[in-house]
Amino acid sequence: MSYTAQETRYETMPYRRCGRSGLKLPQMSLGLWHNFGAQADAENARAMLLGAFDLGITHFDIANNYGPPEGSAEITFGKILKSDLGPYRDEMIVSTKAGYYMWPGPYGEWGSRKQLMASLDQSLLRTGLDYVDIFYHHRPDPETPLEETMQALVDIVHSGKALYVGISNYNPEDTRRAAALLAEKGVPCLLHQMRYSMLDRGNQAVIDILPKLGMGSIAFSPLAQGLLTGKYNHGIPADSRVVTDGRFLNKDRIHEEQLDKVRKLEEVARRRGQSIAQMALTWALREQGGVTSVIIGASRLAQIEENCKALEQPDFTGDELREIDAILG
Ligand SMILES: NC(=O)c1ccc[n+]([C@@H]2O[C@H](COP(=O)([O-])OP(=O)(O)OC[C@H]3O[C@@H](n4cnc5c(N)ncnc54)[C@H](OP(=O)(O)O)[C@@H]3O)[C@@H](O)[C@H]2O)c1
C-alpha cells in the first residue's frame, strides 16, 4: 500500500528554533539506534517511521554505525524513503554521524578528515540521499587536532553533502572551542547532541552554555533507554530492551536505587495526569534549563503515540521542580 501522510500532521507538534539558526526542530524527534537494523522487523520499522511522520515528527536521527550490523539502520531508512517517504523529503530533517567504530583500520572511527568524509559518503550511499540535513561528529577525538575535524565539517557543508553540522558528546570546553572554530569559517555549529534525562543530568553544564553560543540542544536517551517508563519497576519484561537487545542496557544497570527514584517520580507524574514517560519528556523539554528537542527511541508505534502526548501537558510549577530535584538528589 502506498503511503499518503496525514493531513493533520502539523496540527499538534510544536517546533522550536534551533539556537540562532533558521531551522526549527520538532520537540519530539525519532532515533533509529535500536529496532531499525537488519534483524529488526521491517514492517514494524516502517510503521514507526510513517506513524511518527504522521504525528509531526519531522526529524529522524541516524548514525553510520546504527544497526546491528553497522550501517543497516541507514539502509532500512533508505528503503522506506524510497518506498514511502521520498515525496516528503523536503519536509524532513535527517541527521547522521561519524566517529564511532565503523570499519577496520586507522580510518574507520574517531575524528580525522578521512573518517568524516569517507563515512558521510557511505551514509549517502546507504540511505540513497543526495545530502543529509545535519551531519555530526559523534564523539570527541583526543588525538586528532580539533581544527582538522572542524575543517572537515566546514568542507562538508561547502560540498553540499550536509546543510548543517553539529557535535555530540563533547564537554563544555571542547564545545566552546568547536563552536569558535566553526564560526571563524562562517559555518555555525547548529547543535549539540548529548545524553540527558531525569536519571542522567551529567550534561546540564553543556546544555546551559549553548544558548550563549547560539547553538541548539538535542537530548538522546531522554527515557534512560526505557527506565523512565516504569517498565522495569516489577522485573524485566520479556519484550523490553534489556532482553531483546542488551548491548547497551543490561540487568546490572537496573538497580534498586534507580527504581526507587522512578517509583517516587511516578507519583508526581500521576498527580500531573501524565505517565512517567510523558513527564520525563516534559521535564527534558522544560522552558528553564531544558533542551530544544528530545530524540526518543521506540520498539513500537504505540510508544511514540504515548510519548507525543507529553507535548499536550503544561510546563512544571516551581514546586513540582523542587519536588523532582529532591527525589533525584
Ligand atoms: N549521540 C549519541 O552518542 C547517541 C547515543 C545514544 C542514542 N542516541 C540517539 O538517541 C535516540 C534515542 O535513544 P534511546 O533509544 O536510548 O531513547 P529512550 O527514549 O531513552 O529509550 C527508548 C526505549 O524506551 C522504551 N520506550 C520508549 N517509550 C516507551 C513507552 N511509552 N512505554 C514503554 N517503553 C517505552 C523502548 O524500549 P523497549 O520497548 O525495547 O524496552 C524504546 O526503544 C537513538 O535512537 C539515537 O538516535 C544518540
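**Two helices, a ligand shell and a compact chain**

Mentor: This is a predicted model, and in it the crossing of α1 and α2 is right-handed.

Trainee: What makes the crossing of α1 and α2 right-handed?

Mentor: Picture one helix in front of the other: a crossing gets that name if the near helix is turned clockwise from the far one by less than a right angle. The crossing of α1 and α2 is right-handed on that test.

Trainee: At what angle do α1 and α2 pack?

Mentor: Helix α1, residues 42-54, packs on helix α2, residues 72-85, at about 60°, and their axes lie 11 Å apart. That angle makes α1 oblique to α2. Roughly perpendicular would take 65 to 115 degrees, and roughly parallel would need an angle under 35.

Trainee: How do you know which residues of α1 and α2 meet?

Mentor: Check for C-beta atoms within 7 Å. From α1 you get Ala42, Ala45, Arg46, Leu49, Leu50 and Phe53, and they meet Thr76, Ile80, Asp84 and Leu85 of α2. By class, that contact holds seven nonpolar, one polar and two charged residues.

Trainee: Okay, now the ligand. Which residues come nearest to it?

Mentor: Out of 30 residues around the ligand, those are Gly31, Trp33, Phe220, Gly226 and Gly297. Helix α10 gives the most to the shell, with three residues.

Trainee: Why is the chain called as compact as a globular protein of its length?

Mentor: Its radius of gyration is 19 Å, and the globule rule gives 20 Å for 329 residues; the two are close, so the chain earns that description.

Conventions: Residues are numbered from 1 along each chain as its sequence is written. This is a predicted model: local features need pLDDT of at least 70, side-chain atom pairs count only at pLDDT 80 or more; totals for chains, interfaces and linings use all residues. Axes are lines fitted to C-alpha atoms, for helices over the stretch in contact, and angles run from 0 to 180 degrees between N-to-C directions. Helices (H or I, at least four residues) and strands (E, at least two) are DSSP runs, numbered from the N terminus. Angles under 35 degrees count as roughly parallel, over 145 as roughly antiparallel, 65 to 115 as roughly perpendicular and the rest as oblique. Two residues are in contact if their C-beta atoms, placed from the backbone, lie within 7 Å. Ala, Val, Leu, Ile, Met, Phe, Trp, Tyr, Cys and Pro count as nonpolar, Asp, Glu, Lys and Arg as charged, and the others, Gly among them, as polar. A residue is near a molecule or strand if its C-beta atom, placed from the backbone, lies within 6 Å of it. The radius of gyration is taken over C-alpha atoms; the globule rule is 2.2 Å times the number of residues to the power 0.38.
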